[in-house]
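Trainee: Please take one helix of this structure and look closely at what it packs against. Then go on to the other packing details that you consider worth going through.

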Amino acid sequence: MTALDEETVGGLVASAPSGAELVVPTYDRSRLTTGIVHLGVGGFHRAHQAMYLDRLMSEGKALDWAVCGVGVLPGDVRMRDALAAQDGLYTMVLKHPDGRLEARVIGSIKEYLLAPDDPEAVLEKMASPEVRIVSLTVTEGGYNIHHVTGEFDLASPAVAADLADGAVPATTFGLVTEALRRRRDRGVPPFTVMSCDNIQGNGEVARRAFTTFARAKDADLAAWIEDSVAFPSSMVDRITPVTTDADRALVAERFGIDDAWPVVAEPFEQWVLEDSFPTGRPPFEDAGVQVVSDVEPYELMKLRLLNASHQALCYVGYLSGYRYAHEVAGQDVFARFLLGYMDDEGTPTLEPVPGIDLGRYKRTLIERFANPHVADTLARLCAESSDRIPKWLLPVVRHHLATGGPIEHAALVVASWARYDEGVDEAGEPIEIVDRLADRLHRAALAQRSDPLAFLRDREVFGDLVDDERFTAAYTAALTSLHERGARATVEALVTRSEPAR
């Protein structure tokens, strides 16, 4: 630990109160060279991948693997400005359940580029031989894959614009593909594309997206990408709430750091990474990463237990009047509902996970959700549900429909999403629906008072679930109870009914 006293660390001004301590970079950042370009620098990347790299650099390792962050969207100008003013430095604060705080200044992001301002600079950075990995946290919906067909959507307006002759790349797909073309033409080995998003088989999803885009642009280039570019899969895990003004004030008051955009997170961390990096990688295993040959068991565990359980608590919690995850998970009836889903429906769809005690993992999840100091908002968990539910929960439903297994918990989760998208909670308070399909889903949700299956009829989201009588029976029963009795009473009835059978 290094105490700061009237010290300037890069662009962060530190004037720490007496006795306040935090970890700061002890390595010479002027010696860092960029080896990774990361698209989608948000809170999660900064509390996870960038943190692991900083940990390695603090041990004198991976100094040639610094990050060049890239913002692809116009709204990323805020991150660009915050990092530019702070020489790429920022504060990460871990909030323990007992209230203890750990603070660390992260120094692994060396530079940041905003693609809408200067796409050529981004392309040349990715095309440079020193860059050997391009990593991604572009959200579940950022891969432009149709939920039902599993195909890349070439008709998307942004993609179509990038495919036009002479277009300056503006999307993730256009930028990465053009950078790979330049490397091929210059005889530079391709970089590895490393997805770090919450998608099952995220490496394969990324491969499908980029090769499909490339094929529509240049068939020969697509063939080269398929033969030459590695797309390792990964499983990433750390709850990272949206940074608030209160977090900024906390960092200033407790640690004397004037930070425009700190990041807060829970102390738990996990990264499981497929070892497929033809042009090299940092020694991630030295920083605590599980480098394995097969990521799938770990990613299915996380998606179907942690991520799906987040959806299981967020809608019923919000409808009941709560606004934070810990308020819901800390109550016995909701915790029992989550464990019922995980034990009876999520876990039976999983293969054994090497080195993981699933019983302990599930108990730890409830403890993590109930951490009051993380203050993860239900609104964040409820956002972009049309990109999340089909990937995290519906595979569990389909597994049990095919095998005759239980579906009541999952059916209630889907029904609670439909009730949430009516846009008003049980106290009559308005709900802001944050989703790329918000208008369409809201209209369908409003129609379900007279047509209980209106929400399920969206085949782009739900496929043929509306045709399955066993699922629609469980779903409509849950939706009716939500309308007539409310979320808490509906959850309590399901818990009471299901627990004797467990």
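**A helix and its packing**

Mentor: The buried residues of helix α4 pack against the strands β5 (34-39), β6 (66-71), β9 (109-114) and β10 (133-136), and against helix α6 (172-186). Everything here is read from a predicted model. Helix α4 itself covers residues 119-127, and its buried residues are Pro119, Val122, Leu123, Lys125, Met126 and Ala127. A lysine, Lys125, is thus listed among the buried residues of α4.

Strand β10 also borders a loop with an unusual backbone angle. Asn144 sits in the loop between β10 and α5 (157-163). The phi of Asn144 is near 60°, a positive value in a residue other than glycine. Asn144 counts as buried because its relative accessibility is 16%, and the cut-off for buried is under 20%. A second case is Glu384, which has a positive phi of about 55° without being a glycine. Glu384 belongs to the loop between α14 (378-382) and α15 (385-392). With a relative accessible area of 27%, Glu384 is partly exposed.

Next, the nonpolar interior. The largest nonpolar core has 81 residues, and those with the most contacts inside it are Leu313, Phe337, Phe455, Phe462, Phe471 and Tyr475. Helix α10 (residues 296-319) gives the largest share of this core, 14 residues. For Phe462, the contacts beyond four places in sequence are Leu394, Arg398, Val414, Trp417, Phe455 and Leu456. Phe455, one of these partners, is also listed among the core residues with the most contacts.

Two other names on that list, Phe471 and Tyr475, deserve a closer look. A pair of aromatic rings is described by the distance of the centres and the angle of the planes. There are 13 aromatic pairs in the structure. In the pair Phe471 and Tyr475, the ring centres are 6.1 Å apart and the planes are at 25°, so the pair is stacked; the cut-off for stacked is under 30 degrees. Both residues belong to helix α20 (residues 469-484), where they are four residues apart, about one turn of the helix. An α-helix has 3.6 residues a turn, so residues three or four places apart point the same way. Phe471 is buried, with a relative accessible area of 0%, and Tyr475 is likewise counted as buried at 0%.

Elsewhere, Phe152, Phe173, Phe210, Phe213 and Phe231 make up one aromatic cluster. Two arginines lie over tyrosine faces: Arg46 over Tyr90, at 4.7 Å from the ring centre, and Arg323 over Tyr318, at 3.7 Å from the ring centre.

For a helix pair, take α17 (residues 408-420) and α21 (residues 487-498), whose axes come within 11 Å and cross at roughly 175°. The two helices are therefore roughly antiparallel to each other. Glu408, His409 and Leu412 of α17 make the contact with Thr490, Val491, Leu494, Arg497 and Ser498 of α21.

A last residue is Asn202, which lies in helix α7 (residues 202-217). Asn202 counts as buried, at 0% relative accessibility. Not counting residues up to four places away in sequence, Asn202 touches Ser195, Cys196, Asp197, Pro232, Ser233, Ser234 and Glu299. Asn202 and Met235 are 33 residues apart in sequence, with 8.5 Å between their C-alpha atoms.

Terms used
Residues are numbered from 1 along each chain as its sequence is written. This is a predicted model: local features need pLDDT of at least 70, side-chain atom pairs count only at pLDDT 80 or more; totals for chains, interfaces and linings use all residues. Side-chain values use heavy atoms; hydrogens and water are left out. Rings of Phe, Tyr and Trp (its six-membered ring) pair if their centres lie within 6.5 Å; planes under 30 degrees apart count as stacked, over 60 as edge-to-face and the rest as tilted. Buried means under 20% relative accessible area, exposed over 50%, partly exposed in between (1.4 Å probe, protein chains only). A charge sits over a ring if NZ of Lys or CZ of Arg is within 6 Å of the ring centre and within 35 degrees of the ring normal. A nonpolar core is a set of buried Ala, Val, Leu, Ile, Met, Phe, Trp, Tyr and Cys residues joined through side-chain atoms within 4.5 Å. Contact means heavy atoms within 4.5 Å. Axes are lines fitted to C-alpha atoms, for helices over the stretch in contact, and angles run from 0 to 180 degrees between N-to-C directions. Angles under 35 degrees count as roughly parallel, over 145 as roughly antiparallel, 65 to 115 as roughly perpendicular and the rest as oblique.
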